Amino acid sequence: MPLPNIAVLLPCRNEAAAIADVVAGFRGAMPGARIYVYDNESEDETAAIAKAAGAIVRTEGRPGKGNVVRRMFADVEADIYIMADGDDTYETQRAPEMVDLLLRDNLDMVVGCRTTVESAAAYRTGHVLGNAALNWLFAAVFGWRVADMLSGYRVLSRRMVKSFPTAEAGFGIETELTVHCFQLRMPIAEVETHYRARPDGSESKLNTWRDGIRILWTTLSLLRHVRPLLFFSVAGLMLAVLALALGIPLVATYMETGLVPRLPTAMIVTAIMMLSFLSLACGLVLESVSRGRLEAKRMAYLRYAAPRQSIPDAD
């Protein structure tokens, strides 16, 4: 099989202390790949250092990793995409293995799972617990278990990248990538990788609580779009339970005396129950809309060849 056209995509912001090592690592691991560094309005010498290291440097002015990924996916043409962070925390030498796995098994995504951590400073306890909780939530609401939903180290096929309707602006982009693969039932795999601490002078942009809440909100928002019947049915059930909790004492009083002494409460109960039925109706309608959007996404996905077949002159 001829060599595939491979692009390494590195979204960066203020990574002057690490970006040269990242570029050199991927240059050694994937000698024939084009390495793109997308600078997200860095205030240091990230762009200049990346260019001196041999990377193709481009910029994205809108802040947020999701905006950078959207721009990278739109601009860069390749058969295989390797996406990683520019902070030198991922194991670049595993890239050939991940690419081979994607091509051999005709996959659309291979995720580098951070299961082996070289030091406690690399993967703080709060991040570990938060990631585990979000992985559990994803499995609970989508019925698809993943080991590391938030990993930034991924190898992607062309048909996955070019059919991905990016909407997220920030760190929720990894969640959105995972949900997109789940929704279209794309074949994926996970590979255990080492995860190391940032080099001296490099600071994390991730805030444990703020970004954790944003990722949780992104997950629930994607549930509303991807599985609206489940989302609105749960909301309707919660409203119905609330209405019953308020209404049962009223019914008991009415059965005993034939009177409704708390009329305002009765009106509130009626309104809440109506909202419950409206929520269920919205879920049924939006489920049909979601089915149509899914079919459109599937057709966009099928416009592109599978990974092995996308390489020119491949057998």
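Author: Helices, which are H or I runs of at least four residues, and strands, which are E runs of at least two, are taken from DSSP and numbered from the N terminus. The model under discussion is predicted.

Reader: Which residue follows helix 4 with a positive phi?

Author: Helix 4 covers residues 95-104, and its buried members are Ala-95, Met-98, Val-99, Leu-101, Leu-102 and Leu-103. After the helix comes a residue whose phi is positive, near 55°, namely Asn-106.

Reader: Is strand 1 largely enclosed or largely open to the outside?

Author: Ile-6, Val-8, Leu-10 and Cys-12 are buried on one side of strand 1, and Ala-7, Leu-9 and Pro-11 are buried on the other. Seven of the seven residues of the strand (residues 6-12) are therefore buried, and with respect to the rest of the structure strand 1 is largely enclosed.

Reader: In which sense do strand 1 and strand 4 pair?

Author: Strand 4 comprises residues 80-83 and shares four bridges with strand 1. Within this pairing, Val-8 stands opposite Ile-82. The sense of the pairing of strand 1 with strand 4 is parallel.

Reader: What is the handedness of the β-α-β unit that contains helix 1?

Author: Strand 1 and strand 2 (residues 34-39) pair in the parallel sense over six bridges, and Leu-10 has Val-37 as its bridge partner in strand 2. Helix 1 (residues 19-29) joins these two strands in the unit. The handedness of this β-α-β unit is right-handed.

Reader: How far from Asp-39 is the nearest side chain of opposite charge?

Author: Asp-39 lies in strand 2 and is buried. A salt bridge requires a side-chain nitrogen of Lys or Arg within 4 Å of a carboxyl oxygen of Asp or Glu, and Asp-39 has none. The nearest side chain of opposite charge belongs to Arg-13, at a distance of 7.1 Å.

Reader: With which side chain does that of Asp-39 make a polar contact?

Author: The partner is found in the loop between strand 2 and helix 2. This partner has a relative accessible area of 16% and is therefore buried. At 2.3 Å, the side chain that makes the polar contact with Asp-39 is that of Ser-42.

Reader: Is Glu-41 buried or partly exposed?

Author: Glu-41 is found in the loop between strand 2 and helix 2 (46-52). Its phi is positive, about 55°, although Glu-41 is not a glycine. With a relative accessible area of 46%, Glu-41 is partly exposed.

Reader: What is the relative accessible area of Asp-88?

Author: Asp-88 is not a glycine, yet has a positive phi of about 60°. The loop between strand 4 and helix 4 holds this residue. Asp-88 counts as buried because the cut-off is under 20%, and its relative accessible area is 15%.

Reader: How many salt bridges does a search of the whole structure find?

Author: One of the pairs is Glu-60 with Arg-71, at 3.0 Å from N to O. Glu-60 lies in the loop between strand 3 (56-59) and helix 3 (65-75), and Arg-71 in helix 3, eleven residues apart. Glu-60 is buried at 3% relative accessibility, whereas Arg-71 is partly exposed at 33%. The number of salt bridges found in the whole structure is 14.

Reader: How many residues apart are Glu-77 and Arg-158?

Author: The side chains of Glu-77 and Arg-158 meet in a salt bridge of 2.6 Å, N to O. The pair links the loop between helix 3 and strand 4, where Glu-77 lies, to helix 6 (residues 158-162), where Arg-158 lies. Glu-77 is partly exposed at 40%, and Arg-158 is partly exposed at 22%. The separation of Glu-77 and Arg-158 in residues is 81.

Reader: How far apart in space are Tyr-304 and Arg-158, C-alpha to C-alpha?

Author: Tyr-304 is found in the segment after helix 10 (263-302). Tyr-304 counts as partly exposed at 23% relative accessibility. In sequence Tyr-304 and Arg-158 are 146 residues apart, and in space their C-alpha separation is 7.4 Å.

Reader: What N to O distance has the salt bridge of Glu-91 and Arg-94?

Author: Glu-91 counts as buried at 8% relative accessibility. Arg-94 counts as buried at 18%. The side chains of Glu-91 and Arg-94 meet in a salt bridge whose N to O distance is 3.7 Å.

Reader: What is the count of disulfides?

Author: A pair of cysteine sulfur atoms must lie within 2.5 Å to be counted. Among the cysteines, Cys-181 is buried at 0% relative accessibility, and Cys-282 is partly exposed at 38%. The count of disulfides is zero.

Definitions and conventions. Residues are numbered from 1 along each chain as its sequence is written. This is a predicted model: local features need pLDDT of at least 70, side-chain atom pairs count only at pLDDT 80 or more; totals for chains, interfaces and linings use all residues. Side-chain values use heavy atoms; hydrogens and water are left out. Buried means under 20% relative accessible area, exposed over 50%, partly exposed in between (1.4 Å probe, protein chains only). Two strands pair if DSSP finds at least two bridges between them. A crossover is right-handed if, with the strands pointing away from the viewer, the path from the first strand over the helix to the second runs clockwise. Lys and Arg count as positive and Asp and Glu as negative; His and the chain ends are not counted. A polar contact is a pair of N or O atoms within 3.5 Å; within protein, one must be able to donate a hydrogen and the other to accept it, and residues adjacent in sequence count only if both atoms are side-chain atoms.
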